There are 2 protein chains.
Amino acid sequence: MNPLFHELFQKTRFLTNEINVTLKKHNLYASQWTVLYTIQKHGEMSLTQIWKYLNVEAPTITRTVYRLVELGWIDIRPGKDRREKIVRLSEKASQDFSAIKESILEFEDRMVEGLTKEEETILIELLRKIK
Amino acid sequence: MNPLFHELFQKTRFLTNEINVTLKKHNLYASQWTVLYTIQKHGEMSLTQIWKYLNVEAPTITRTVYRLVELGWIDIRPGKDRREKIVRLSEKASQDFSAIKESILEFEDRMVEGLTKEEETILIELLRKIK
DNA sequence: AAAATATATTTAGCTAGGTAAATATATTTC
DNA sequence: GAAATATATTTACCTAGCTAAATATATTTT
């Protein structure tokens with residue numbers, strides 16, 4: 001089998017696990033953080049906006065969003081269109097946000113220490129060329 | 001957040017989904033194929049050998065292996081050391097193996113069509129430099 | 001305005017990764 | 001050889017992706 005795919009899957013799994021270690025002290029998982037980050041960036045969002053933006057399926061977002069509501073990270077309310085639900089960061093999330101972001105930035109920097117800025121750019125470009 | 005990680009996760013998810021589409025006609029999922037392929041390559045293997053080789057945790061392999069036994073793809077037997085279980089491809093799997101491998105090879109080639117051989121090598125090297 | 005279609009979300013159930021702890025058997029130590 | 005430790009596997013239970021089908025509400029068509 002093509003070693004490229006093997007390397008890709010191995011590395012992604014490794015990174016996900018490491019992100020989870022990093023986020024443990026904030027009591028968050030990788031995907032939960034991804035959703036929080038997306039919501040913060042956009043202010044207020046409907047569930048559909050979230051899953052379209054993240055390029056995952058709707059049920060995945062339903063589940064993660066409700067877990068985040070349960071954990072007190074986000075608030076949810078009905079939209080004007082009564083089919084939709086609008087979410088935004090809770091008070092707690094807004095307060096903790098920059099500390100968590102700091103942890104993630106440190107983590108990301110550590111992971112790419114072995115790459116120059118140019119190599120990072122090339123890597124992104126090459127990844128985009130797959131399919 | 002670092003666009004490299006975003007691209008990496010997006011691409012991996014995309015590839016997993018596409019592999020699953022490719023494998024659908026063989027009634028297999030991506031991880032099941034990975035395990036089958038590993039077993040075929042090594043002949044006979046204990047569960048521990050599989051999870052160490054694939055760099056995943058033991059319970060993941062226990063589950064996938066038993067599903068593959070259930071589906072008739074592999075045979076399982078106790079080892080000399082009575083703690084361990086040894087697996088190998090079933091008759092059916094041995095017969096179908098090359099057809100499935102062919103599908104996968106086609107798929108992989110299609111995915112890297114946009115890359116030269118050199119770019120593929122560079123991509124692997126750059127991925128290895130992460131952490 | 002009723003019927004048909006479209007959109008937003010949810011529910012159910014599958015694969016697939018993880019951790020923590022339990023169980024069974026081997027191996028090592030005292 | 002009994003006790004302690006190590007190894008192989010399993011069980012229970014999380015997160016996190018997916019598809020297919022259900023439900024509720026909007027929008028479009030006739």
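Here is a short chat about why certain labels are used for this predicted model.

Trainee: Let's start with A:Lys24. Why is A:Lys24 called exposed?

Mentor: The label needs over 50% relative accessible area. A:Lys24 has 65%, so it counts as exposed. As for its place, A:Lys24 sits in helix α1 of chain A.

Trainee: How far is A:Lys24 from A:Asp96, in sequence and in space?

Mentor: They are 72 residues apart in sequence and 14 Å apart in space, going C-alpha to C-alpha.

Trainee: On to the DNA. Which residues come nearest to DNA strand C?

Mentor: A residue gets onto that list if one of its heavy atoms lies within 4 Å of the strand. There are 25 residues around DNA strand C, and A:Thr48, A:Tyr66, A:Lys85, B:Ser31 and B:Arg67 come nearest. On the DNA side, sugar and phosphate make up 74% of the strand C atoms that come within 4 Å of the protein.

Trainee: What makes the approach of A:Arg83 to a base oxygen of DNA strand C a polar contact?

Mentor: The cut-off is a pair of N or O atoms within 3.5 Å. A polar side-chain atom of A:Arg83 is 2.8 Å from a base oxygen of DNA strand C, so the pair meets the cut-off. B:Thr60 also qualifies, with a polar side-chain atom 3.3 Å from a phosphate oxygen of DNA strand C. A:Leu47 uses a polar backbone atom, 3.5 Å from a phosphate oxygen of that strand.

Trainee: Which elements give two or more residues to the surface near DNA strand C?

Mentor: From chain A you get α1 (3-24), α3 (47-54) and α4 (58-70), and from chain B α2 (30-42) and α4 (58-70). By residue class, that surface divides into eight nonpolar, seven polar and 10 charged.

Trainee: And DNA strand D, which residues are closest there?

Mentor: A:Ser31, A:Arg67, B:Thr48, B:Tyr66 and B:Lys85, out of 25 residues that surround DNA strand D. Sugar or phosphate accounts for 74% of the strand D atoms within 4 Å of the protein, and bases for the rest.

Trainee: How do you know that A:Arg63 makes a polar contact with DNA strand D?

Mentor: Same test, N or O atoms within 3.5 Å. An N or O atom in the side chain of A:Arg63 is 2.8 Å from a base oxygen of DNA strand D, so the pair passes. For A:Arg83, the partner on DNA strand D is a sugar or linking oxygen at 3.2 Å. A:Thr60 has a polar side-chain atom 3.4 Å from a phosphate oxygen of DNA strand D.

Trainee: Now the sheet in chain B. Why do β1 and β2 of chain B stand at the edges?

Mentor: The three strands form an open antiparallel sheet in the order β1-β3-β2. β1 (45-46) and β2 (74-78) each have a single partner strand, so one side of each is left without a neighbour in the sheet.

Trainee: What makes β2(B) and β3(B) a pair?

Mentor: Pairing takes at least two bridges. β2(B) and β3(B) (residues 85-89) have five, in the antiparallel sense, so they count as paired. Within that, B:Asp75 stands opposite B:Arg88. α2(B) packs on this sheet, touching β1, β2 and β3 of chain B, with its direction at about 95° to that of β3(B).

Trainee: Which strands of chain A does α4(A) lie across?

Mentor: β2 and β3, running at about 115° to β2(A). Those two strands pair in the antiparallel sense over five bridges, and A:Asp75 has A:Arg88 as its bridge partner in β3(A).

Note on methods. Residues are numbered from 1 along each chain as its sequence is written. Chains are lettered from A and ligands numbered from 1 in the order in which they are written. This is a predicted model: local features need pLDDT of at least 70, side-chain atom pairs count only at pLDDT 80 or more; totals for chains, interfaces and linings use all residues. Side-chain values use heavy atoms; hydrogens and water are left out. A polar contact is a pair of N or O atoms within 3.5 Å; within protein, one must be able to donate a hydrogen and the other to accept it, and residues adjacent in sequence count only if both atoms are side-chain atoms. Helices (H or I, at least four residues) and strands (E, at least two) are DSSP runs, numbered from the N terminus. Ala, Val, Leu, Ile, Met, Phe, Trp, Tyr, Cys and Pro count as nonpolar, Asp, Glu, Lys and Arg as charged, and the others, Gly among them, as polar. Buried means under 20% relative accessible area, exposed over 50%, partly exposed in between (1.4 Å probe, protein chains only). Contact means heavy atoms within 4.5 Å. Axes are lines fitted to C-alpha atoms, for helices over the stretch in contact, and angles run from 0 to 180 degrees between N-to-C directions.
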